[in-house]
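Let's take a walk through this fold, starting with its sheet and ending with its helices. Keep the 3D view open as you read.

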Amino acid sequence: MSLTYSEIKQQYTALQQTYDYMLSKRQEIIAYAKSESITSVTFVGCGSSYCLSESAAFSTRLRAGLPASALAGGDLMLNPERYSTLLDNTLLVAPSRSGSTSEVVEALRLLQNDKPIAVLTLSCVTDSPLSKKANLSLELPWAFDHSVCQTRTVTNIYVANLMLTAFLGNDEVVIADIQKAINQGEAYMARVESDIRKAADFAWTNAVVLADGELQGLASEGAIALTEIAKVQAHSYHLLDVRHGPMVTVGPDTLVIAAITGNGTEQQRNLMRDIKGRGATIIAFADHADAVATEHVDLAVISDNRLDVAVQGIPFIFIPQIVALTSADRQGINPDQPDGLVAWVKL
């Protein structure tokens, strides 16, 4: 059993700890945000953390009613002056597995040397370089992935970001649904894993991950996991946007993973029909069976309960993680030792 697989399977145990920890920090987070009189939130990350930042920024706009952006750490490091207006009166949130990501640490140093800025960091180690630059530091050491490719860490940071947004927006439905998703997690993984592996066990060379809204950043992370673990070309798009150009890459060698929401069901069904018509294999996720036209997909993965759209990301991300491992196994790739990668970049 690979370390990567072990950490995937341990993610729900870690998620319960993250959920309890974030709840314990709720009043402190709210009080800090109020004390800084913030008018926006800016998420900064690299790689997986940047993808998660995109989802978090989207959730913040929708749920907290605050302007929010996601910046790539390297971009901010190279061009801090370019974003000075954007960063006025912002809460800068920096999620990171290691708390040592070079670009983010250096970007914060440059910003803090210029003028005071409210910084909240979220890392999976204690007493990290990022934590030392924070006004408020949140630490999730139980979610740290020791394997190179992030899996358990991804899901936990996604949930921590989402809870942060829910706190700022007083969104009790999301908070309750996160607990619901965690409660169903072990049974969900046990129920769907074998079917996911069977659907993905063929010689595909191209992957497309489709999702909308708050899940789009998470879909981008799913594509990164497929590329890192299975060494395949993988891309993410908004659901219907795949028609606008990327459809030309879809064919019999393509595996499509799609998050289907309850809205626009007819258009989503038609999209699955057209993708299937090009010979692709489709794994579709939804939180209720009626959302998926089973005649147009190879596998419908359904969560055990209806969930808020953003919370659906928790069970959804398990699919590209297991698909990536399945492809790695078929190709004889060791998922714990991806060629050319290190756990975190040190410039």
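## Before we start

Contact here means heavy atoms within 4.5 Å. Helices (H or I, at least four residues) and strands (E, at least two) are DSSP runs, numbered from the N terminus. This is a predicted model, so to speak of a local feature we need pLDDT of at least 70, side-chain atom pairs count only at pLDDT 80 or more, and totals for chains, interfaces and linings use all residues. Residues are numbered from 1 along each chain as its sequence is written, and side-chain values use heavy atoms, leaving out hydrogens and water.

## The sheet

Look for an open sheet of five strands, ordered β2-β1-β3-β4-β5, with parallel pairing. Two strands pair if DSSP finds at least two bridges between them. At the edges sit β2 and β5 (136–139), each pairing on one side only. From one strand to the next, the twist averages 20°.

Now zoom in on β1 (residues 40–45). With β2 (residues 68–72) it shares five bridges, and Gly45 stands opposite Ala72 there. With β3 (residues 90–96) β1 has four bridges, and Ser40 faces Thr90. Further along, β3 and β4 (residues 118–123) pair over six bridges, with Pro95 opposite Leu122.

## Inside β1

How many of the six residues of β1 are buried? Six of six are (buried means under 20% relative accessible area, exposed over 50%, partly exposed in between, with a 1.4 Å probe and protein chains only). In a regular strand, side chains alternate between the two faces of the sheet. Here Ser40, Thr42 and Val44 point one way, while Val41, Phe43 and Gly45 point the other way.

## Helices on the sheet

Helix α4 (residues 48–64) lies across β1, β2 and β3, running at about 170° to β2. Axes are lines fitted to C-alpha atoms, for helices over the stretch in contact, and angles run from 0 to 180 degrees between N-to-C directions. Helix α8 (residues 152–169) also packs on the sheet, touching β1, β3 and β4, and its direction makes about 160° with that of β3.

## Helix against helix

The axes of α4 and α10 (residues 216–230) come within 6 Å and cross at roughly 160°. These two helices are therefore roughly antiparallel (angles under 35 degrees count as roughly parallel, over 145 as roughly antiparallel, 65 to 115 as roughly perpendicular, the rest as oblique). Among the residues making the contact are Cys51 and Leu52 of α4 and Leu218 and Ile224 of α10.
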